[in-house]
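Biologist: Please pick one small part of this model and take me through it up close. After that, zoom out bit by bit so I can see where such parts sit in the whole thing.

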Amino acid sequence: MSRLHESAVGHVSGRAIYTDEQHPPVGMLSLHPVQSPHAHARILGIDAAAARAIDGVVGVLTATDIPGENDTGPIIHDEPLIPAELVQFHGQAVAWVVARDAATAAAAARLVHVEYQALPALLDIPQAIAAGSYHLPPARVARGDASAAIAAARHRIEGELAVGGQDHFYLETQASWVSIDAEGSVQITSSTQHPTETQIIVARVLGIPAHRVVCRCLRMGGGFGGKETQANPYAAVAALAAWKFGRPARIKLPRAIDMQMTGKRHPFFARYQAGFDDNGVLQAIDLDLYADGGWSVDLSPPVLMRAMVHVDNAYFIPHVAIRGLICKTHLASNTAFRGFGGPQGMIVGEEIIDRVARHLGLDPVLVRERNFYRPGQNPDRNQTHYGQPVVDNQIERLWQQLLERSDFHARREDIRTFNRAHDQCKRGIAITPVKFGISFNKTEYNQAGALVHVYTDGSVQLNHGGTEMGQGLHTKMLAVASRVLGVTERSIRVMATSTDKVPNTSATAASSGSDLNGQAVKAACDTLRGRLAPVAAQLLGGQAEEVIFAEGRVWLAGRDDHTLNFAEVVAAAYRSRISLSATGYYRTPGLSWDPALGQGHPFYYFAYGAAVSEVEVCGYTGVHSLRRVDLLHDVGDSLVEAIDRGQIEGGFVQGMGWLTCEELRWSNSGRLLTDAPSTYKIPTIDDVPLQFNVDLYRRADPPSTEVIFHSKGVGEPPLMLALSVREALREAVAAFGRADRVDLAAPSTPEAIFMAIDRVRAHAG
Amino acid sequence: MTNSPVFKLNFADVALDDAVPTESLLRWLNRRGMSGTKEGCADGDCGACTVALIERDGDGRAHFRACNSCLLPVGALPGREVITVEALADGAALHPVQTALVDCSGSQCGYCTPGFVMSLFAGYYGSELNDLTTEGNLCRCTGYRPIREATRQLTLIEPPRDRFHDLLAAPCVPLVSASVGNFHNPVAIEDALQLKQTHPDASWIAGATDLGVSLSHGQRVAPAFVALDRIASLREIEVTADHIRIGACAPLSELEEHLAGLVPALDQMLPWFAARQVRNRATFGGNLGSASPIGDLLPILLALDACIECRNLGGMRMIEAADFFLDYRKTARAEDELITAVVLPRRSGRMTAAYKVAKRQTDDISIVAAVFALECDDDQRVCHARLAYGGVAAIPMRAREVEGFLLGRKLDTDTIEQTSQRLRAAFQPLSDHRASAEYRSALCASLFERFVAEHTP
């Protein structure tokens, strides 16, 4: 089934409307931050008199203006909306100017005089480790006795890996606008992945109950996790302005300020030891993982935990000891980003596997295969280190399919020939697997609701708790509702996500949007269909079980000579006083998780995929090109194929950016130097290989889990297919010399590759 | 000069009477509730704000040129014609460009999409439909594969004889001089020089791809502007047997078309210079005027012994490229002088090539740019050497000492090795967010090695 994105025509015509583009109500105010020029400082005083004197300035918000709790922390309450005393990162807003338009607010913000006492700042993971600066106590996940197993192993390696962060670079920056309606309710329109949390935090900041706050989200111009919690402060500060000045207020961050103030994918640092046998089969790993949390906790604990339970990727490791710490630094607070720690965990696992292979002089492909999780073995090799079996394990079958489809072994031979003939230009090819756990690690988030109204003309309004950020969730929900109700998609209208339609929702995140909301929509539609079937049966002179609903028509099985319009059945139901509105609810079954032990069954199932990448590297410059990519990914029975392919391709390219050209750099004083697309480079069309083959994995059987219509979540897992690019680069670098290890920085910029080639050549010499 | 500045927006006349001339077209559109054109960065780097501007080349033919509306001051608009995304669909009937993107699933979040639509629109009528068409448009969702597919599909469909076709075919109405407030748009060099004399503190502004960034960020660049982008004589390109004269305000896209195959270093460097939207506006004159140490075209001028033609009301003079750059963003151009052309001598028998290394291989700023020109005599000894670099010093610079070393030597392994050593030490580059000094120094040498490997048997 190939459907188009429900908003595609709106996108291409410019008619699709985003948060900041709705016609502004009369008197709309704009906000602009007064940003700290220090990463860590005491605020001694704020003098806003000059700013207030500017024509068009309505006021300047500081901490004392907050009527409720001055906090926007989603887990721990450690995140003042406007700091009263202490600046904790460079660019943090210590005050907000409110004015009649954005230009006036920005001009006036420059006139706010703030006196600071600068304090020493911690600006990266090594500095935080040296200072012992952490958020929360260490987290642990362990199985068996890793140190004993490493000591007993025939071979041992140890090493370190630093992994860079990543800016979300959603094309639409953070945006919200807020008005107080005639009844005193706070109406928020926000570009947020989590309207319920935005609602709760605005209520917290204003000191009012949640029932006085409504949060809507029409659509986002990209999210990628960057609007899961980090939309909240901007909605809150706009709400504060609307509350205080009694006029609607808007905020849309300029790009540089968005990049300076919002958190990113966590940079990580890993220190590892591994023990293995002559065949490269892992016996044990012992690992310290450090995540750079930034100034506040935000979502760092679950991000770190997901990293800790994804180090294994597709590999069985008998003995495991992982300790995780969140470094507290004076940087923007790092947050959710597609993969949510999974990529940072898996890159360490793949690093170890490659080290093992080169240490033994074995083919990395073979070493990967030898370490796969395998069902049905004795002793068991299909159990993760956190106590969950690898349900529906497709790794090996999918891997073999991709090796064949990509013609991997023959191409690798060609590459060896090519490399022998070229001194300054080397190619590399690599295949890597992906196994990614689907469900929120936090069990309570795995629930969803829907609200479906049928009107008497047969048209349908569909509300669900998920948000649309481009991933095609609304398109999938339309597919589910039309399939269950048996009506055309044209007759269904997906409404803007709103907390007064479906309350207490979870973030649209963790690749779970269509799994959770799809089941909730299906439940609501099942209820309605259950109510309509007897009505139709009566009209058609049959039994309710015989009624078929499809494409807006209704008939009895085997008697399609007599059909009714869906609208006729609906009208009859209304006349019979049958409710035409239903809620639906879903919670994922069978989940459990003990965060203290790091053990349980946190994921309903796993998504599987594999990728082959081929690169060419220039020895003079370290510049590489991606020659060909083959992806194979398991989406179960696709709900909407075009949407799933888009997620796979887009996720891969985003992961490739993280691993290659996207590099975050800060000054010695903690100022983000790469705060614009002129300095922070995400992939362009030229970075995408001309040969970019994407296939959906064709399964022999449907997945063993009961996901909506046997589909599988697809939002995050494909990002990690890009690890194949990193491993292909490593292969190419290795071809410049002879090395029993190839250290390659992440991201692998031309400079990083150039330096890696230097090391390999020095080693060969 | 006319009194009521007007431009054509989507076929309709719009008055610019009360416009702030330095406001960007993007902000101006958004303020009027035309929200199809998106702000993704306001820096000219993401392409979400792309619109199509009608430009006429030397022989009067009209083209749609994609450009970043965030960099286009409305003061430059009088008499011009602009098409935005809102004009493409005819009611419910989508334009072929839009249909192709819809059919190929070319949008996900949709925020970048209007920009892609407009880049493809310009490419569709201008017969450039490949990756270059949209290299200046960032998409964070799709991974570009479907956009590339939509582009390919468009190559199979002839542009219809629609109202856009008619617009291009309409008789040429030459732009006349106009002013919006203190933003002056003369049509003759003499008028420009007179304006500069009347407003000595005015800034020259060509394609506005550099100054436009400052303006977009609300910085006060100058109290007045003299815009050069409608002076026809500044856009002329002249090719003779012994030189090529490039008008200082010829957009780089036109150089790509008209000089293809004539100057290898230009052929190599131009596609690396920013992206299509910027090259449609950027000029040699602007690159020289802003004199950035990382201006990609500047090492070309140094390596090819170009001359820079400047004029003021007192007359014209030629400045050798080697004498033009004095210090960080300081040049030999006098404040009242206007750069009118660059002149590249044509010489046969020289090996020349341009290289650029950046973090990303399209639309990025150089870590190091290098342009080399070498000539050997009958005895295979170097008789002419130019090794010019950008990104390694406060100004674009030649490695003169190393050039001297090369003269009279054969390009054997020993010479190359010694040259490399000297090049590694030739400059004291900075470490910054783009790269380390160490890498920059290493590139100075290895790019030369690559040049020799690629150009000598």
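**A hairpin, and then the wider view**

Modeller: Let's start with one pair of residues: F549(A) has V554(A) in β22(A) as its bridge partner. Keep in mind that this is a predicted model. The pair belongs to two strands of chain A, β21 (residues 547–550) and β22 (residues 553–556), which run antiparallel and share four bridges. In general, strands in a sheet are held together by backbone hydrogen bonds, and the pairing can be parallel or antiparallel.

Now follow the chain around the bend. β21(A) and β22(A) make a hairpin, with two residues between them. One to look for in that turn is E551(A), whose phi is positive, at about 50 degrees.

Next, look at the two faces of β21(A). In a regular strand, side chains point alternately to one face of the sheet and the other. Here V547(A) and F549(A) are on the covered face, while I548(A) and A550(A) are on the uncovered one. So F549(A), our starting residue, is on the covered face.

Let's zoom out to the domains of chain A. The assignment puts 447–587 in domain 3, 8–120 + 168–261 in domain 1, and 268–441 + 595–764 in domain 2. Measuring between centres over C-alpha atoms, domain 1 and domain 3 of chain A are 37 Å apart. Their contact uses 18 residues from domain 1 and 14 residues from domain 3. On the domain 1 side, α6 (195–206) and β11 (213–217) of chain A each bring at least two residues. That side is made up of six nonpolar, eight polar and four charged residues.

Chain A also has an open sheet to compare with the little hairpin. Its five strands come in the order β7-β15-β14-β13-β8 (chain A), and the pairing is mixed. β7 (134–143) and β8 (155–163) of chain A are at the edges with a single partner strand each, so each has one side with no neighbour in the sheet. From one strand to the next, the twist averages 10 degrees. At the β7(A) edge, the partner is β15 (residues 319–328) of chain A, paired antiparallel over seven bridges. You can find one of these partnerships by looking for A142(A), which is matched with A321(A) in β15(A). Towards the β8(A) edge, helix α10 (residues 342–360) of chain A lies across β8, β13 (268–276) and β14 (282–294), at about 140 degrees to β8(A).

Go out one more step and you meet chain B. The contact between the chains takes 62 residues from chain A and 60 residues from chain B. On the chain A side, α1 (8–13), α3 (102–109), α17 (641–659) and α19 (750–764) each give at least two residues. α17(A) has the largest share, with seven residues. By class, the chain A side splits into 30 nonpolar, 22 polar and ten charged residues.

What about chain B itself? Chain B has 17 helices and 20 strands, and its C-alpha trace spans about 70 × 55 × 40 Å along the principal axes. A compact globule of 457 residues would have a radius of gyration near 23 Å, and chain B agrees because its value is 23 Å. Buried residues account for 56% of chain B. And of the contacts in chain B between residues at least 6 apart in sequence, 65% link residues at least 24 apart.

Conventions. Residues are numbered from 1 along each chain as its sequence is written. Chains are lettered from A and ligands numbered from 1 in the order in which they are written. This is a predicted model: local features need pLDDT of at least 70, side-chain atom pairs count only at pLDDT 80 or more; totals for chains, interfaces and linings use all residues. Two residues are in contact if their C-beta atoms, placed from the backbone, lie within 7 Å. Ala, Val, Leu, Ile, Met, Phe, Trp, Tyr, Cys and Pro count as nonpolar, Asp, Glu, Lys and Arg as charged, and the others, Gly among them, as polar. Domain bounds come from an automatic or database domain assignment. The radius of gyration is taken over C-alpha atoms; the globule rule is 2.2 Å times the number of residues to the power 0.38. A residue is buried if 20 or more other C-beta atoms lie within 10 Å of its own, exposed if 12 or fewer, and partly exposed in between; C-beta atoms are placed from the backbone. Two strands pair if DSSP finds at least two bridges between them. Axes are lines fitted to C-alpha atoms, for helices over the stretch in contact, and angles run from 0 to 180 degrees between N-to-C directions.
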